[in-house]
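Let's take a walk through this structure together, starting at the ligand and working outwards. Keep the viewer open as you read.

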Amino acid sequence: MCGIVGVVGKTEIAPILVESLCRLEYRGYDSCGVATLNSVGVEVRKDVGFVQEVAYRQKFASAHGGLGIAHTRWATHGGVTRENAHPHLSCDGTFAVAHNGIISNHEILRRELRGLGHRFSSETDTEVFPHIVEEIHRSGISVEEAFVRALRRLEGSFAIAMISSRDPEKIYCARQRSPLVLGIDSGRHFFVGSDVNAFLHFTRRAVVLEDGEYAVLSRDGYFVRAIADGRTRSKPIMEINWSLGETEKAGYRHYMEKEIWEQPDVIRRAMEVSQKEIVAVARLMRAAKRNVLVGVGTTYYVSLFGQYLFAGLAGEFSPAFSSDESGELLMMDRETLLLAISQSGETFDTLQTIRQAKADGARTAAIVNVPGSSMTREAEIVIHQNSGPEICVISTKAAMAQMLLLMRMALELGYLRQHPPAMENLDLLREIMELPDLVETMLRNQQLQIRDLAHRFSNRRNWFYLGRGLYTPIALESALKMKEVTYLHAEGMAAGFLKHGTLSLIDEETPCVFLIPPKEAKDLYDLTMGSVAEVRARRGKVIAFAFESGGGKFDEEVILPKASVWLAPLLHLVAGQVLAYETALVLGRNIDRPRSLAKSVTVS
Ligand code: AGP
């Protein structure tokens, strides 16, 4: 939820810290701060606000020192105040700490430390840590030993970075259930970051810390050891094949816009994922008695889309669960395969579900975007979707790739099972190859029309997104996009559900975005048109994303390029993204960093 970066190098590092912090800001943006080590000791600058504005106000870039840590916060414990911003200091100001995660026993530790005379200046759980290190260090042991002993006192989750004027050449960092990666720019800088975006502008060489490991970085190198017994761990260096250009806005106004427009390319990359990997998951699914799909937020809706695909193309009931609820609902055993979906690969609830599945003896597979993330290491089989960095807090392109990969799996499973719809749709793979052009055409031709709709309807407080069958998850996902980025109320639902209660909310003020299937999907088309009529009868405003004109049956219609029945919902997906984006633009929202949200939710 928060972003951490630490850098040690042979030059002044404050400008690097600021740049890295800007690149991590999507992880949290309530407040931020830096701590550097220089001849005076530890120097902390921090405040409430976005990175660029605080960095300017507090003159981050002029903080002296050849090593330092920085943090961008998304508040969990304690309000959004300067005091609660990281880094936090020990009483004597010699230890500075930045932390991501939740120290669950912080209240007990705080009481204990107060009893020993420590004074606290924030409400955060994090602040206990520098005080524990300071306390332990008083006994005359090394900073490393004090750091490790302090780590052993913590319960909960943490990614921690610490500097100390008592050992001014080093950065200490550790990981327990919160992501942390080292960046190796040999001979120049060594980095620690919450994810690779912290250092991708310097190096693509990364070392991923595992739970229970700590690392010490200096100008000359680094080592990794186990928190439990201090044994040195030898760690492979991985090359991250994301290019720096992918993390820039490249002329687009927002990352969201850029990522929407990247989708043609993202589709091609999803099609480049080797068939061997798809077959491996399909075979596991075939062998399992029960297949369960899991994600949360957008990836829950992606899973739900998968549920329809597996039912339709493979004749397989594979229920989708939202991972935040799976603890209560999921029964897993040796005969279950859990297929998890995640852009970040770090989402706490989904990661926990994978861990629970493994503990129950289930098989696990995952579709993940971020290389080196926890899920890529913890799931048994991993499909790397290779969509490139998704910086905007709102997921767009990652969801598109995940849906396509699920479609490929469903087709393969259907083929293995000789399920007739799969056999009749073997051409689908070829059709997907045409999807990039369709998406591009759609973006070029329909963006202006959608923009016009956004201008005319942005004053409406309540929106509905309605679809049937395979189009239902897209309706839910489109409503989520609208909520996240515009702060307007939007509800997505199966159109057939409407008359069982929600219809009472429909009046002439309510825009209802209908995802109309192509006419070839006759049953779905007729059912959807039935719901259109119900809304119109209550004077609701029907905005149709359709493949041909409704001949007066809709109030507004956006005609999308013709696509086959299975691919049509993906064009609706893009249209929904554009409508949310354009409406947010009209309303002047903070598009890439909407209020109260963070890109990667690594706490429960
Ligand atoms: C998407 O727009 C959201 N911001 C959010 O729902 C996200 O999809 C969810 O938190 C899951 O994240 P993940 O894909 O990184 O696991």
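Helices here are DSSP runs of H or I with at least four residues, numbered from the N terminus. Keep in mind as well that this is a predicted model.

With that naming in hand, begin at the ligand. Two helices, α9 (298-314) and α16 (472-486), each supply at least two residues of the shell around the ligand. That shell holds 13 residues, and the closest are S342, Q343, S344, T347 and E484. The site itself is easy to place: the ligand sits in the largest pocket.

Now look at the polar atoms. Which part of Q343 comes up to the ligand? A polar backbone atom of Q343 is 2.7 Å from an oxygen atom of the ligand. The backbone takes part at S395 too, where an N or O atom lies 2.8 Å from a ligand oxygen. At E484, by contrast, the side chain provides the N or O atom, and its partner is a nitrogen atom of the ligand at 2.7 Å. As for cover, the ligand has 410 Å² of accessible area on its own, and the protein covers 91% of that.

One of the closest residues, T347, deserves a longer stop. You will find T347 in the loop that runs between β18 (336-342) and α11 (348-359). Is T347 buried or exposed? Its relative accessibility is 13%, so T347 counts as buried, the cut-off for buried being under 20%. The T347 side chain makes a polar contact with the side chain of S344, at 3.3 Å. Setting aside neighbours within four places in sequence, T347 is also in contact with V296, S342, M375 and V601.

Next, move to helix α7 (residues 263-272). Why can this helix be called largely enclosed by the rest of the structure? Seven of its ten residues are buried, and therefore the description fits. The buried residues of α7 are Q263, P264, V266, I267, R269, A270 and M271. To see what they pack against, display α6 (255-261), α13 (397-416), α15 (428-457) and α18 (568-587).

Helix α18 leads us to L579, which is placed in that helix. L579 counts as buried because its relative accessibility is 0%. Which residues does L579 touch, not counting those up to four places away in sequence? They are I450, L453, A454, W463, Y465, M482, V513 and F545. You can also check a distance here: the C-alpha atoms of L579 and I543 are separated by 11 Å, with their positions 36 residues apart along the chain.

For another setting, go to L426, in the loop between α14 (420-424) and α15. At 40% relative accessibility, L426 counts as partly exposed. Try a C-alpha to C-alpha distance from L426 to H106: the two are 57 Å apart in space and 320 residues apart in sequence.

Our last stop is S122, found in the loop between α3 (106-115) and α4 (128-137). With a relative accessibility of 8%, S122 counts as buried. Beyond residues up to four places away in sequence, S122 touches E83, N84, H88, R110 and E127.

Key:
Residues are numbered from 1 along each chain as its sequence is written. This is a predicted model: local features need pLDDT of at least 70, side-chain atom pairs count only at pLDDT 80 or more; totals for chains, interfaces and linings use all residues. Side-chain values use heavy atoms; hydrogens and water are left out. Buried means under 20% relative accessible area, exposed over 50%, partly exposed in between (1.4 Å probe, protein chains only). A polar contact is a pair of N or O atoms within 3.5 Å; within protein, one must be able to donate a hydrogen and the other to accept it, and residues adjacent in sequence count only if both atoms are side-chain atoms. Contact means heavy atoms within 4.5 Å. A residue is near a molecule or strand if one of its heavy atoms lies within 4 Å of it. Accessible areas come from the Shrake-Rupley method with a 1.4 Å probe; for residues, only the protein chains shown count as cover. On a 1 Å grid over the protein atoms alone, a cavity is a set of points where a 1.4 Å probe fits but cannot get out, and a pocket is an open set with protein on both sides within 12 Å along at least five of seven lines; lining residues have an atom within 4 Å of a point. A molecule sits in a cavity or pocket if more than half of its atoms lie within 2 Å of its grid points.
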